[in-house]
Amino acid sequence: AAAAPAAYLAGLNHEQRLAVETTEGPVLVLAGAGTGKTRVLTTRIAHLIATGRARPSDILAVTFTNKAAREMKARVGMLAGPAAEGMPWLGTFHAISTKILRRHAELVGLRSDFTILDVDDQIRLLKQVLQAANLDEKRWPARQLASHIDGWKNRALGPDQVPHGEAAAFANGRGAELYRHYQERLKILNAADFGDLLTETIRLFREHPDVLAQYQQRFRYMLVDEYQDTNVAQYLWLRLLAQGREPGHRNLACVGDDDQSIYGWRGAEVDNILRFEHDFPGAVVVRLERNYRSHAHILATASHLIAHNEGRLGKTLRTDDEPGEKVTITGAWDSEEEARLVGEEIEALQAKGHNLSEIAILVRISAQMRELEDRFVQLGLPYRVIGGPRFYERMEIRDALAYFRCVAQPADDLAFERILNTPKRGLGDATVQVLHAHARAARIPLMEAARFIVETEELKPKPRGALRELLSAFSRWSSLIDTTPQTELAEMILEESGYTEMWQKDRSAEAAGRLENLKELVRSLEEFPDLRAFLEHVSLVMDAVENDTEDRVSLMTLHAAKGLEFDTVFLPGWEEGLFPNQRALDESGRAGLEEERRLAHVGITRARRRAKIFFASNRRIHGLWNATIPSRFIDELPEDHVEVTEAPAAFSYGGYGKSRFDEVDSFSSSYATPGWQRAQNRGGFSGGGSRGGFAQGRGGYGGASGSGRGGLLIEGELVA
Ligand code: ATP
Ligand code: MG
């Protein structure tokens, strides 16, 4: 070890090297944002490979997003050279679990080509389960059941393990029963939802110790990034793999930061960090204190803000970096003006030669994106959306994907049902019912049932003819799958099915955009060896398509920004009700507020050189104007490190023009008058002002904040 350090170790500080070179036994790196945790993991992988301790295929490395996995692969390749290529077990918990499950699917009652349901499919299936149970979906919404089931799966609880009190919370105590029916339906459909990917792998490991032993031996070294956001299921998953080994060989390295735990609402347990030393006795705990990412003003601002949280381990962070620019705070009249200001500042940076790819806009909820996107489109400013309701979730894309799924996986009932009558071909509810009845009775997939039914007299001649035509088209497409280039095949499917034509004939404003998206979809297929590989990718990849090289700004939710860094970060929408988000406060009280504050802290710490906070005094949500007041987080920022900038427009902190409020008033009556009056009278946002104003202001917001956590749950799933 006294020899000259390998090149990849050069530049690491003492603690980072310790974390890299302590290859044997459990290691926990507990450290703040930007201290090099991810870099430690990447270097550690390079080190394991370069020193011959492990082959790339012996290493299990877990990242939080697919994007992070791609980046880590690329970096390891840079550090350790071609020897590091092909890290087959580097990915998210979900991606790695999928890979394991496909190999042993039959042991958990699935076939290896099982379908991974997305949120939409999941909801559709739950609706069927509710119907079958004669429950009124209005009273007991499928989404609510979905969130219960997700919660149980996050904690690795099967239908039989749901605590009695919790099962009672839905449909008069029928929660667990519905959960069981849902699981049965999934098995019949040969499908797994996102939560299943983990829980079924856990079940596989528990029920088949020989399989578990095989993986315990294979994964000689395990690494986990963003450990603070693992949930119970993920924790059990890891523990099963790590603990089977001899005590001295539990080579598990986890890195995390309790101040960046932002998925509590999705079941993440920051306690997993606190339990680490207990579960893995003799663990080496490394703390990193030097931040290499952010200029001093930014780091000081973030540290000061997070210090308002009570439930934290607390840590020192320092930087040797220059002070840099202060964090700016800008108030806008309304969200449109805010979008305009953000656009102008980006253009100004661009004019000074800054790369757009070094600029990010981080929002609290995805609904904030549309106004920003509209503005960027107007300005001709190239942007990409990372995370959020993304490309693959758009209606036309989902329809197209359903066609592809039917071709590649003919047993995919949900896909078949989705496109059966899209475009309309006279195969309505009556036909669907006939097919369903037969499929259920014969326990066969819908398409197979359809092939049987068309040979009978069960359907009227017209639908029978239409169905026959569709089925023969599917046979034709399926027969081409191994011989025709996938882009050509995809185009053929969309043309011949009449799907493209459906949008060509459509007169609505969105039709052109949809056709554009379909083209983009076909284009994106080029990057995959075949249609199946592409579909697998789509099921897992919830990050936006990332491979174009054009210089663009990135737009994403704060949740999706974890682990990333940019020179300049825009943080719009710092208003009470929006951020902290009212739903988080309503549902989780003080804990919810602290999680929101951690989210704010994550946002600021993404910035290397510039962090720019914005708030608007009026925001339109779901078409209704709401008067808002600045976020309490703005009050919590340290005066010495922030700078209040005046919006160039006719805006001043002390004097909101009453007349404009009147104008707003005529749009909607959904906000509470006292709230905005108080906000108006507050005469500034940094004066530490009256909390009464906040409370009332928030009251005004609640009515229209439906795009809060409910929406995020879905987004969150997709981030994983
Ligand atoms: P987060 O908590 O936000 O995920 P992190 O702790 O994972 O942050 P990294 O992303 O690994 O931090 O590192 C932050 C930045 O600091 C990166 O640009 C990284 O390359 C750089 N960095 C880390 N360690 C060093 C070092 N020893 N010398 C120079 N730069 C470093
Ligand atoms: Mg990191």
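In the predicted model, the C-alpha centres of domain 2 and domain 4 lie 27 Å apart. Eight residues of domain 2 and five residues of domain 4 take part in the contact. On the side of domain 2 that touches domain 4, helix 5 (residues 119–132) supplies the largest share, with four residues. Sorted by class, this side of domain 2 holds five nonpolar and three charged residues, and no polar ones.

These two domains belong to a division of the protein into four parts: domain 1 (7–98 + 199–286), domain 2 (116–189), domain 3 (296–385 + 550–719) and domain 4 (392–540). The secondary structure of the protein comprises 30 helices and 16 strands. Of the 720 residues in the protein, 50% are buried. When contacts between residues at least 6 apart in sequence are considered, 80% of them join residues at least 24 apart.

The surroundings of ligand 1 were examined next. Both domain 1 (7–98 + 199–286) and domain 3 (296–385 + 550–719) contribute residues to the shell around ligand 1, and the ligand therefore lies between them. The shell has 19 residues, of which G36, K37, T38, R39 and Y292 come nearest to ligand 1. Helix 2 (residues 37–50) gives the most to this shell, namely three residues. By class, the shell around ligand 1 consists of ten polar, five charged and four nonpolar residues.

Two helices were then considered in detail, beginning with helix 20. Helix 20 (residues 461–480) has 20 residues, and at 1.5 Å a residue it should span 28 Å; the distance between its end C-alpha atoms is 29 Å, which agrees with that expectation. The buried residues in helix 20 include P463, L467, L470, F474 and W477. Because these residues cover an arc of only 90° around the axis, they are placed on the same side of helix 20. P461, E469, S472 and S479, on the other side of helix 20, are exposed. The cover over the buried residues of helix 20 includes helix 16 (395–408), helix 18 (429–442), helix 19 (446–453) and helix 21 (486–496).

Helix 18, one of the elements in that cover, was analysed in the same manner. With 14 residues at 1.5 Å each, helix 18 should span 20 Å, and its end C-alpha atoms are indeed 20 Å apart, which agrees. T431, L435 and A439 are the buried residues of helix 18. They cover an arc of only 60° around the axis, so they fall on the same side of helix 18. On the other side of helix 18, the exposed residues are D429, A430, Q433, R440 and A441. The buried residues of helix 18 pack against helix 19 and helix 20. Helix 18 is followed by R443, which has a positive phi near 50°.

Individual residues illustrate how burial varies along the chain. R514 is located in helix 23 (residues 511–524). R514 counts as buried because 21 other C-beta atoms lie within 10 Å, the threshold for burial being 20 or more. Leaving aside residues up to four places away in sequence, R514 touches E396 and W503. The C-alpha atoms of R514 and Q504 are 9.4 Å apart in space, while the two residues are ten residues apart in sequence.

H208, by contrast, lies in a loop, between helix 9 (194–207) and helix 10 (209–218). Because H208 has 14 C-beta neighbours inside 10 Å, it counts as partly exposed. H208 and L107 are 101 residues apart along the chain, and their C-alpha atoms are separated by 8.2 Å.

E24 is also placed in a loop, between helix 1 (14–21) and strand 1 (27–30). With 13 C-beta neighbours inside 10 Å, E24 is therefore classed as partly exposed. The C-alpha atoms of E24 and R476 are separated by 55 Å, and these residues are 452 residues apart along the chain.

Technical notes. Residues numbered from 1 in each chain as written. Chains lettered and ligands numbered in written order. Predicted model: local features only at pLDDT ≥ 70, side-chain atom pairs only at ≥ 80, totals over all residues. Helix = DSSP H or I, 4+ residues; strand = E, 2+ residues; numbered from the N terminus. Expected span 1.5 Å × (residues − 1). Buried ≥ 20, exposed ≤ 12 C-beta atoms within 10 Å, placed from the backbone. Arc of directions from axis to C-beta. Contact = placed C-beta atoms within 7 Å. Near = placed C-beta within 6 Å. Nonpolar A, V, L, I, M, F, W, Y, C, P; charged D, E, K, R; others polar. Domains from an automatic or database assignment.
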